[in-house]
Amino acid sequence: MIELFAALAVDTIADDCTLDGIPLHGRVQIVEHFADFDVQVVEHFPDLKVERVSHFPDACGEWTFVEQFPDFTIRLVDHFPDFTIAYVEHFPGLP
């Protein structure tokens, strides 16, 4: 029975700002299929606060959106995300 609950548990973002070994900063591409993560944009209580930056997305939650050569890909969803985000203008990262 414990294995069943472990299988149903949702992965959470680690304290080092990674999920499944992928750092959650850098160059991000939004795709429709075969994304690394399904992400839902929310207004309140996100799993990760994201700041859109133009250069040097080196810190947790700093994302530069690109059309090619991403560090990871996301698919925007309305239900059952891998994690939720809220866009911020300052202080990105884990809440």
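Modeller: A residue is buried here if its relative accessible area is under 20%, and exposed if that area is over 50%. The model is predicted.

Biologist: Which secondary structure elements does the protein have, and how many of each?
Modeller: From the N terminus on, the order of elements is α-β-β-β-β-β-β-β-β. The secondary structure therefore comes to one helix and eight strands, with helices and strands taken as DSSP runs.

Biologist: What share of the protein's contacts with a separation of 6 or more joins residues 24 or more positions apart?
Modeller: Contact here means heavy atoms within 4.5 Å. Among contacts with a separation of 6 or more, the share from residues at least 24 positions apart is 79%.

Biologist: How many aromatic pairs are there, and what is the geometry of Phe37 and Phe72?
Modeller: A search of the whole structure gives four aromatic pairs. In one of them, the ring centres of Phe37 and Phe72 are 6.0 Å apart and the planes are at 75°. Planes over 60 degrees apart count as edge-to-face, so this pair is edge-to-face.

Biologist: How many residues apart in the chain are Phe37 and Phe72?
Modeller: Phe37 is in strand 4 (residues 37-41) and Phe72 is in strand 7 (residues 72-76). The pair links distant parts of the chain, with a separation of 35 residues.

Biologist: Are Phe37 and Phe72 buried or exposed?
Modeller: Phe37 has 2% relative accessibility, which is why it counts as buried. Phe72 falls in that class too, as both residues are buried.

Biologist: What kind of pair do Phe37 and Phe83 form?
Modeller: Their ring centres are 5.6 Å apart and their planes stand at 70°. The cut-off for this class is over 60 degrees, so the pair is edge-to-face.

Biologist: Which strand holds Phe83, the partner of Phe37?
Modeller: Phe37 is in strand 4, and Phe83 is 46 residues away from it in the chain. Phe83 is buried, with a relative accessible area of 2%. Its place is strand 8 (residues 83-87).

Biologist: Which residues have the most contacts inside the largest nonpolar core?
Modeller: Nonpolar side chains tend to be buried together in soluble globular proteins. The largest nonpolar core here has 14 residues. Those with the most contacts inside it are Leu24, Phe37, Leu48, Trp63, Phe72, Phe83 and Ile85.

Biologist: Which elements give two or more residues to this core?
Modeller: Each element that qualifies is a strand. They are strand 4, strand 5 (48-52), strand 7 and strand 8.

Biologist: How many residues apart in sequence are the parts tied together by the disulfide of Cys17 and Cys60?
Modeller: The sulfur atoms of Cys17 and Cys60 are 2.0 Å apart, and the link is right-handed with 75° about the S-S bond. Cys17 lies in the loop between helix 1 (2-8) and strand 1 (18-19), Cys60 in the loop between strand 5 and strand 6 (62-65). The disulfide therefore ties together parts with a sequence separation of 43 residues.

Biologist: How does Asp11 count by accessibility: buried, partly exposed or exposed?
Modeller: Asp11 is in the loop between helix 1 and strand 1. Leaving aside residues up to four places away in sequence, Asp11 touches Leu19, Asp20 and Asp82. Because its relative accessibility is 46%, Asp11 counts as partly exposed.

Definitions and conventions. Residues are numbered from 1 along each chain as its sequence is written. This is a predicted model: local features need pLDDT of at least 70, side-chain atom pairs count only at pLDDT 80 or more; totals for chains, interfaces and linings use all residues. Side-chain values use heavy atoms; hydrogens and water are left out. Rings of Phe, Tyr and Trp (its six-membered ring) pair if their centres lie within 6.5 Å; planes under 30 degrees apart count as stacked, over 60 as edge-to-face and the rest as tilted. Helices (H or I, at least four residues) and strands (E, at least two) are DSSP runs, numbered from the N terminus. Buried means under 20% relative accessible area, exposed over 50%, partly exposed in between (1.4 Å probe, protein chains only). A nonpolar core is a set of buried Ala, Val, Leu, Ile, Met, Phe, Trp, Tyr and Cys residues joined through side-chain atoms within 4.5 Å. A disulfide is a pair of cysteine sulfur atoms within 2.5 Å.
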